[in-house]
Amino acid sequence: RQNKLREMVAAKKPILNAWLSIPSGYLAEGAGHQGFHSITIDLQHGMIGFETAVAMLQAISATPATPLVRAPSLDPAAIMQLLDAGAYGVVCPMISTRAQAEELVAACRYPPDGARSFGPARGKLYGGPDYFDAANREILAIPMIETAEAVENISDILSVPGVDMIYIGPNDLALDLGEAPGAELRESTTSTTIAQILDRARSAKVATGIFCSDGDLARRRLAEGFDLVTPGNDFGVLMSALQREIEKSLS
Ligand code: 3PY
Ligand code: MG
């Protein structure tokens, strides 16, 4: 199966990515039918374990969205297991050096391109009979750029073969730059740094994604030239929708 995200990047079409932290196949299925191009299951900060992630990947398979995961950390065993479960891309937190980016790519690629162990399990159900031939080409390895060290090493990280997209985590980036989460929303070192990363990635012809607090910021990021945006996460969106209904009920 082809990865539609690759085609969209090549065609310069904006990618809308949903971000799920709530452990529910039902939610994943519903989100996948809303028009998002990809859905990311967050195993780092989400309340989601491996077995529920499998059920969510199955649910996403019933929708047009491409299934991505955010791995809990740069742990090749965990990454390979999520790929075997049918993820078609891995967003990996805290990639700060070339060696870490290479380790991420190696976990996502079968030899000779990498060191992924063979046992595609559900990946083959999602990807189809040509899974083994297609996997190295179609599966995206997406390092998160969210530390000052990653910014220092950005050229090295962008030049690693197999890094086709980076994903900025503005909150951790702000923390590591000595600012508070949310600093990206105003003029700040974090905002300037995000613009620099975008610039560098575009010159290196590596696609860019970024977490956004909501759809307004996502629209701005697309206008700036990001390829993929995440307009908020499920829990935040649901809580503000609930709050709005309370306010309406009392007004
Ligand atoms: C961050 O902002 O640090 C993130 O990881 C976004 O998901
Ligand atoms: Mg982060």
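This briefing walks through the main features of the structure above, topic by topic. The model is predicted. Its centre of interest is a barrel that eight strands close, with parallel pairing. The notes also take in a nonpolar core of 73 residues, the surroundings of ligand 1, and a few backbone details.

**The barrel**

- The strands follow the order 1-2-3-4-5-6-7-8 around the barrel. On average, neighbouring strands of this sheet are turned by 25° against each other, direction ignored.
- Helix 11, residues 189–203, packs on the sheet. This helix touches strand 5 (140–145), strand 6 (165–168) and strand 7 (207–212). The direction of helix 11 makes about 175° with that of strand 6.
- Strand 2 covers residues 38–42 and strand 3 covers residues 66–70. The two run parallel and are joined by five bridges. Asp42 stands opposite Arg70 in strand 3.

**Strand 8 and its two partners**

- Strand 8 spans residues 228–231. Leu228 and Thr230 point one way from this strand, while Val229 and Pro231 point the other way. All four of these residues are buried.
- Strand 1 pairs with strand 8 in the parallel sense, over two bridges. In this pairing, Ile15 stands opposite Leu228.
- Strand 7 also pairs with strand 8 in the parallel sense, over four bridges. Here Gly209 has Leu228 as its bridge partner. Leu228 thus appears opposite Ile15 and as the partner of Gly209.

**The nonpolar core**

- In soluble globular proteins, nonpolar side chains tend to be buried together.
- The largest nonpolar core of this model holds 73 residues. Ile39, Ala53 and Val90 touch the most other members.
- Helix 3, residues 50–61, gives the most to this core, with six residues.
- Which residues does Ala53 touch, not counting residues up to four places away in sequence? They are Ile41, Leu43, Ile48, Val69, Leu82 and Ala85.

**Around ligand 1**

- The residues around ligand 1 are Glu146, Gly169, Pro170, Asn171, Asp172 and Phe211.
- By type, the shell divides into two nonpolar, two polar and two charged residues.
- Helix 10, residues 170–176, gives the most to this shell, with three residues.

**Backbone details**

- Most residues other than glycine have a negative phi, and most peptide bonds are trans.
- The peptide bond from Pro111 to Pro112 is cis, with omega near 5°. Pro112 is found in the loop between helix 5 (98–108) and helix 6 (121–127).
- Lys12 is not a glycine, but its phi is positive, near 55°. Lys12 sits in the loop between helix 1 (4–10) and strand 1 (15–20). Lys12 counts as exposed because it has 9 C-beta neighbours inside 10 Å, and the cut-off for exposed is 12 or fewer.
- Met94 also has a positive phi, about 55°, although it is not a glycine. Met94 is found in the loop between strand 4 (89–92) and helix 5. With 18 C-beta neighbours inside 10 Å, Met94 counts as partly exposed.

**Two helix residues in their surroundings**

- Asp84 is found in helix 4, residues 76–84. Is Asp84 buried or partly exposed? Asp84 is partly exposed, because 18 other C-beta atoms lie within 10 Å, and buried would take 20 or more.
- Leaving out residues up to four places away in sequence, Asp84 touches Gly119, Pro120, Ala121, Arg122 and Gly123.
- Asp84 and Met8 are 76 residues apart along the chain, and their C-alpha atoms are separated by 24 Å.
- Ala135 is found in helix 7, residues 131–138. Ala135 has 22 other C-beta atoms within 10 Å, so it is buried.
- Ala135 touches Tyr110 and Gly127, again not counting residues up to four places away in sequence.
- The C-alpha atoms of Ala135 and Leu20 are separated by 24 Å, and the two residues are 115 residues apart along the chain.

Technical notes:
Residues numbered from 1 in each chain as written. Chains lettered and ligands numbered in written order. Predicted model: local features only at pLDDT ≥ 70, side-chain atom pairs only at ≥ 80, totals over all residues. Pairing = 2+ DSSP bridges. Axes fitted to C-alpha atoms, helices over the stretch in contact; angles between N-to-C directions. Contact = placed C-beta atoms within 7 Å. Core = buried A, V, L, I, M, F, W, Y, C linked by C-beta atoms within 7 Å. Near = placed C-beta within 6 Å. Nonpolar A, V, L, I, M, F, W, Y, C, P; charged D, E, K, R; others polar.
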